[in-house]
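Let's take a walk through this model together, moving from the outside to a few individual residues. Keep the viewer open as you read.

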Amino acid sequence: MFESPRPTPGVLALAAVFVAAGLTHFVAPQFFDRIVPPGLPMPAQAATLISGAAELAGGLGLLHPATRPAARWGLLVLLLAVFPANVYMAQEPQKFGVPAWVAWARLPLQPLLMWAVWRAGRQGRKR
(Lines give C-alpha, C1' and ligand atoms only; values in the text may rest on other atoms or scores of the structure.)
Protein backbone atom coordinates (compact mmCIF):
# COMPACT_ATOMS: atom_id res chain seq x y z
CA MET A 1 0.00 0.00 0.00
CA PHE A 2 1.28 3.47 -0.88
CA GLU A 3 1.29 6.36 1.53
CA SER A 4 -1.09 9.24 1.11
CA PRO A 5 -0.26 11.38 -1.91
CA ARG A 6 -0.17 14.41 0.36
CA PRO A 7 3.36 15.53 1.18
CA THR A 8 4.17 16.19 4.82
CA PRO A 9 4.90 19.76 5.95
CA GLY A 10 8.62 18.91 6.00
CA VAL A 11 8.53 17.65 2.41
CA LEU A 12 6.59 20.75 1.37
CA ALA A 13 9.20 22.99 2.99
CA LEU A 14 12.07 21.11 1.35
CA ALA A 15 10.34 21.24 -2.03
CA ALA A 16 9.81 24.99 -1.58
CA VAL A 17 13.52 25.48 -0.82
CA PHE A 18 14.55 23.71 -4.03
CA VAL A 19 11.91 25.38 -6.19
CA ALA A 20 12.87 28.83 -4.86
CA ALA A 21 16.58 28.14 -5.34
CA GLY A 22 15.94 26.82 -8.85
CA LEU A 23 13.93 29.89 -9.80
CA THR A 24 16.69 32.12 -8.46
CA HIS A 25 19.12 30.51 -10.91
CA PHE A 26 16.96 31.90 -13.74
CA VAL A 27 15.96 35.23 -12.19
CA ALA A 28 19.43 36.22 -10.90
CA PRO A 29 21.94 33.90 -12.59
CA GLN A 30 24.95 36.21 -12.25
CA PHE A 31 25.75 35.13 -8.69
CA PHE A 32 25.58 31.45 -9.59
CA ASP A 33 27.64 31.99 -12.76
CA ARG A 34 30.40 33.55 -10.64
CA ILE A 35 30.68 30.65 -8.18
CA VAL A 36 31.09 28.00 -10.89
CA PRO A 37 34.64 26.77 -10.28
CA PRO A 38 37.17 27.42 -13.03
CA GLY A 39 37.97 24.42 -15.19
CA LEU A 40 34.44 23.08 -15.48
CA PRO A 41 34.07 21.67 -19.00
CA MET A 42 31.06 23.86 -19.81
CA PRO A 43 30.27 27.55 -19.71
CA ALA A 44 29.26 28.86 -16.29
CA GLN A 45 25.92 30.02 -17.68
CA ALA A 46 25.10 26.48 -18.82
CA ALA A 47 26.02 25.04 -15.43
CA THR A 48 23.79 27.62 -13.73
CA LEU A 49 20.80 26.87 -15.95
CA ILE A 50 21.24 23.09 -15.70
CA SER A 51 21.53 23.18 -11.91
CA GLY A 52 18.56 25.55 -11.66
CA ALA A 53 16.42 23.28 -13.83
CA ALA A 54 17.49 20.27 -11.75
CA GLU A 55 16.53 22.07 -8.54
CA LEU A 56 13.13 22.97 -9.97
CA ALA A 57 12.50 19.42 -11.22
CA GLY A 58 13.67 17.87 -7.97
CA GLY A 59 11.66 20.21 -5.80
CA LEU A 60 8.50 19.62 -7.82
CA GLY A 61 9.25 15.90 -7.91
CA LEU A 62 9.15 15.74 -4.11
CA LEU A 63 5.50 16.77 -4.17
CA HIS A 64 4.06 13.49 -5.47
CA PRO A 65 4.74 10.05 -4.03
CA ALA A 66 5.24 8.51 -7.48
CA THR A 67 8.08 10.90 -8.33
CA ARG A 68 9.53 11.35 -4.84
CA PRO A 69 12.09 8.49 -5.06
CA ALA A 70 13.44 9.72 -8.41
CA ALA A 71 13.52 13.29 -7.09
CA ARG A 72 15.50 12.05 -4.09
CA TRP A 73 18.20 10.50 -6.26
CA GLY A 74 18.30 13.45 -8.64
CA LEU A 75 18.63 15.97 -5.81
CA LEU A 76 21.33 13.91 -4.08
CA VAL A 77 23.36 13.83 -7.29
CA LEU A 78 22.77 17.56 -7.76
CA LEU A 79 23.92 18.36 -4.22
CA LEU A 80 27.11 16.37 -4.80
CA ALA A 81 27.66 18.07 -8.15
CA VAL A 82 27.34 21.61 -6.78
CA PHE A 83 29.45 21.01 -3.68
CA PRO A 84 32.67 22.08 -5.48
CA ALA A 85 31.08 25.48 -6.13
CA ASN A 86 30.43 25.85 -2.40
CA VAL A 87 34.03 24.88 -1.63
CA TYR A 88 35.29 27.36 -4.26
CA MET A 89 33.22 30.11 -2.66
CA ALA A 90 34.56 29.21 0.80
CA GLN A 91 38.15 29.31 -0.43
CA GLU A 92 37.78 32.76 -1.99
CA PRO A 93 34.83 34.47 -0.29
CA GLN A 94 36.14 37.98 -1.02
CA LYS A 95 35.46 37.35 -4.74
CA PHE A 96 31.79 36.89 -3.97
CA GLY A 97 31.18 39.54 -1.32
CA VAL A 98 30.41 36.95 1.32
CA PRO A 99 31.96 36.90 4.80
CA ALA A 100 34.38 33.96 5.11
CA TRP A 101 32.50 32.54 8.11
CA VAL A 102 29.26 32.44 6.08
CA ALA A 103 30.91 30.67 3.17
CA TRP A 104 32.51 28.09 5.48
CA ALA A 105 29.35 27.66 7.56
CA ARG A 106 27.46 26.63 4.43
CA LEU A 107 29.65 23.58 3.85
CA PRO A 108 28.38 21.46 6.78
CA LEU A 109 24.82 22.33 5.81
CA GLN A 110 25.21 20.34 2.58
CA PRO A 111 25.21 16.92 4.31
CA LEU A 112 22.23 18.00 6.42
CA LEU A 113 20.36 18.96 3.27
CA MET A 114 21.29 15.61 1.73
CA TRP A 115 19.92 13.85 4.80
CA ALA A 116 16.65 15.79 4.51
CA VAL A 117 16.38 14.90 0.82
CA TRP A 118 17.09 11.25 1.58
CA ARG A 119 14.33 11.14 4.20
CA ALA A 120 11.84 13.07 2.08
CA GLY A 121 12.40 10.81 -0.91
CA ARG A 122 11.60 7.72 1.14
CA GLN A 123 8.04 8.88 1.70
CA GLY A 124 6.86 7.79 -1.75
CA ARG A 125 7.83 4.14 -1.40
CA LYS A 126 5.61 1.16 -0.66
CA ARG A 127 5.14 0.25 2.97
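About 7,400 Å² of the chain is exposed, and carbon and sulfur atoms supply 73% of that area. Please keep in mind that this is a predicted model. Turning from the surface to the interior, buried residues make up 37% of the 127 residues.

What is the chain built from? It has five helices and zero strands, so along the sequence you read the pattern α-α-α-α-α. The radius of gyration is 15 Å, close to the 14 Å that the globule rule gives for 127 residues, so the chain is as compact as a globular protein of that length. If you align the view with the principal axes, the C-alpha atoms fill a box of roughly 50 × 25 × 25 Å.

How do distant parts of the sequence come together? Among the contacts with a separation of 6 or more, 70% are between residues 24 or more positions apart. For a pair to look at, try Gly-10 and Ala-116: they are 106 residues apart in sequence, while their C-alpha atoms are 8.7 Å apart in space. Gly-10 belongs to helix α1, which covers residues 9–27, and with 49% relative accessibility it counts as partly exposed.

Now for the charges. The chain carries 11 positive and 4 negative charges, and the mean positions of the two sets are 14 Å apart. Side chains of opposite charge can pair when their charged atoms come close. How many salt bridges does a search of the whole structure find? The search finds one. Its partners are Glu-92 and Lys-95, whose side chains meet at 2.9 Å, N to O. Glu-92 is partly exposed, with a relative accessible area of 25%, and Lys-95 is also partly exposed, at 45% relative accessibility.

Glu-55 is a good place to end the tour. You will find this residue in helix α3, which runs over residues 44–61. Glu-55 is buried yet has no salt bridge. The nearest side chain of opposite charge belongs to Arg-106, 8.2 Å away; a salt bridge needs a side-chain nitrogen of Lys or Arg within 4 Å of a carboxyl oxygen, so this pair does not count as one. What, then, is Glu-55 in contact with, leaving aside its neighbours within four places in sequence? The list consists of Phe-18, Val-19, Ala-21, Gly-22, His-25, Leu-75 and Leu-78.

Technical notes:
Residues numbered from 1 in each chain as written. Predicted model: local features only at pLDDT ≥ 70, side-chain atom pairs only at ≥ 80, totals over all residues. Heavy atoms only, no water. Helix = DSSP H or I, 4+ residues; strand = E, 2+ residues; numbered from the N terminus. Buried < 20%, exposed > 50% of the residue type's maximum accessible area, 1.4 Å probe, protein only. Lys, Arg positive; Asp, Glu negative; His and termini not counted. Contact = heavy atoms within 4.5 Å. Rg over C-alpha atoms; globule rule 2.2 N^0.38 Å. Areas by Shrake-Rupley, 256 points an atom, 1.4 Å probe, with all protein chains shown as cover. Charge placed at Lys NZ, Arg CZ, Asp CG, Glu CD.
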